[in-house]
Amino acid sequence: MSFLNLGLLIAGVSAIAIPIIIHLLMRRRRRPVKWGAMQFLLEAYRRQRRRLMMERWLLLLVRCLLLALLGFALGRPLLSGAGSGAEGRTLYVLIDDSIAAGGVGADGEAALERHKRGAIEAIEAFEAGSLGEAAPRVALVTLGAPSAGVVVPGSSDLGAIRDLINELSPTDARADLAGAMTIVGEAIGREREARGPSDAYVVLLSDFFAGSVDLASSLPALPEGVTLVAPEPESSAPTNVAIVGLEPLRSVLVTGDDQTGETSGSIGEQVRVRLRRSGPGVARAAETRVSVRVGSPDPDGW
């Protein structure tokens, strides 16, 4: 079992200490004050002491359980699928969230958005094909280097996996397809050792752009009996914007530090930025935002 929000789970379980501390504080001894009818109250208390102690401990237990269940719910657990042997199937969804997946194609949509939509459609088709069988399991692996098993082993909580897919965003790294295949191969091996022979399906969602995958190294082989589904490589590259020039409109942009230690250069200096657009969408109007931060050199000369 794994949790989507492990921090909230830990916080909720740690909150169990609150009712325990309150219980201990309420048990502190108080200075008794004797008065005339006190002996009758003490006698009644002795007769009901066992019942009162039991009620206190039960109340403390209920309070602790409520906080533990609250933390458990906030942690959003992912339950592993039931079933053993050949019952049940596992779908491994590999999504390319590398820097290349953030590019916008000719249709104006980012590649990652298409991958996410295709992953959800694959999960729905896999779920529909598993009706009448044991609960299907779905695992999620991202390709952005280093590749990560977001949900491994597979989980039957398909709603939570859909939420994780929708929350994905492009990374600043290339695609680590070899690492993702290694994660999938090891997960399938562990699952078959624990459950016996079972069906496994791998859906790879990527456009396979040049430079996004290391073609110099071979991919690890998947175990036997695994069905791999992947789209055809994208035939055209997405529209790309590259910075090819950056120059100030004045000869001096930033001067050295003054005696106060503050940068004495002018703030808000204008610069000229030259961009180069490439791809099928260069004929369409587009807006590009560029942020420039200028500061004095550090002691290392940067």
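Which side chains does a polar contact of 2.8 Å join? In this predicted model, that contact links the side chains of D96 and S206, and D96 itself lies in the loop between β3 and α4 (111–128). The briefing below starts from the sheet, moves to strand β4 and the helices, and then returns to D96.

**The sheet**
- Five strands make up an open sheet with mixed pairing, and their order is β5-β4-β3-β6-β7.
- At the edges stand β5 (148–155) and β7 (226–229), each of which pairs on one side only, while the twist from one strand to the next averages 15°.

**Strand β4 and its partners**
- Strand β3 (residues 89–95) runs parallel to strand β4 (residues 137–142), and the two are paired over six bridges; among the partners in β4, V141 is matched with L94 and T142 with I95.
- The pairing of β4 with β5 is antiparallel and consists of four bridges, the two strands forming a hairpin that has five residues between them.
- T142 has A148 as its bridge partner in β5, and T142 is also the bridge partner of I95.
- β4 is mostly covered, since six of its six residues are buried.
- In a regular strand, side chains alternate between the two faces of the sheet. In β4, R137, A139 and V141 point one way, whereas V138, L140 and T142 point the other way, and all of them are buried.

**Helices packed on the sheet**
- Helix α5 (residues 158–166) packs on the sheet and touches β3, β4 and β5, with a direction that makes about 165° with that of β5.
- Helix α6 (residues 177–195) also packs on the sheet, where the strands it touches are β3, β4, β5, β6 (199–205) and β7; the direction of α6 makes about 165° with that of β3.

**The surroundings of D96**
- D96 is buried yet has no salt bridge, and the nearest side chain of opposite charge, that of R114, is 9.2 Å away; because a salt bridge requires a side-chain nitrogen of Lys or Arg within 4 Å of a carboxyl oxygen, R114 does not supply one for D96.
- Besides the contact with S206 at 2.8 Å, the side chain of D96 makes a polar contact of 2.7 Å with the side chain of S98.
- When neighbours within four places in sequence are left aside, the residues in contact with D96 are A101, L112, H115, L143, A175, L205, S206 and D207.

Key. Residues numbered from 1 in each chain as written. Predicted model: local features only at pLDDT ≥ 70, side-chain atom pairs only at ≥ 80, totals over all residues. Heavy atoms only, no water. Pairing = 2+ DSSP bridges. Axes fitted to C-alpha atoms, helices over the stretch in contact; angles between N-to-C directions. Contact = heavy atoms within 4.5 Å. Buried < 20%, exposed > 50% of the residue type's maximum accessible area, 1.4 Å probe, protein only. Lys, Arg positive; Asp, Glu negative; His and termini not counted. Polar contact = N/O pair within 3.5 Å; in protein donor to acceptor, adjacent residues only side chain to side chain.
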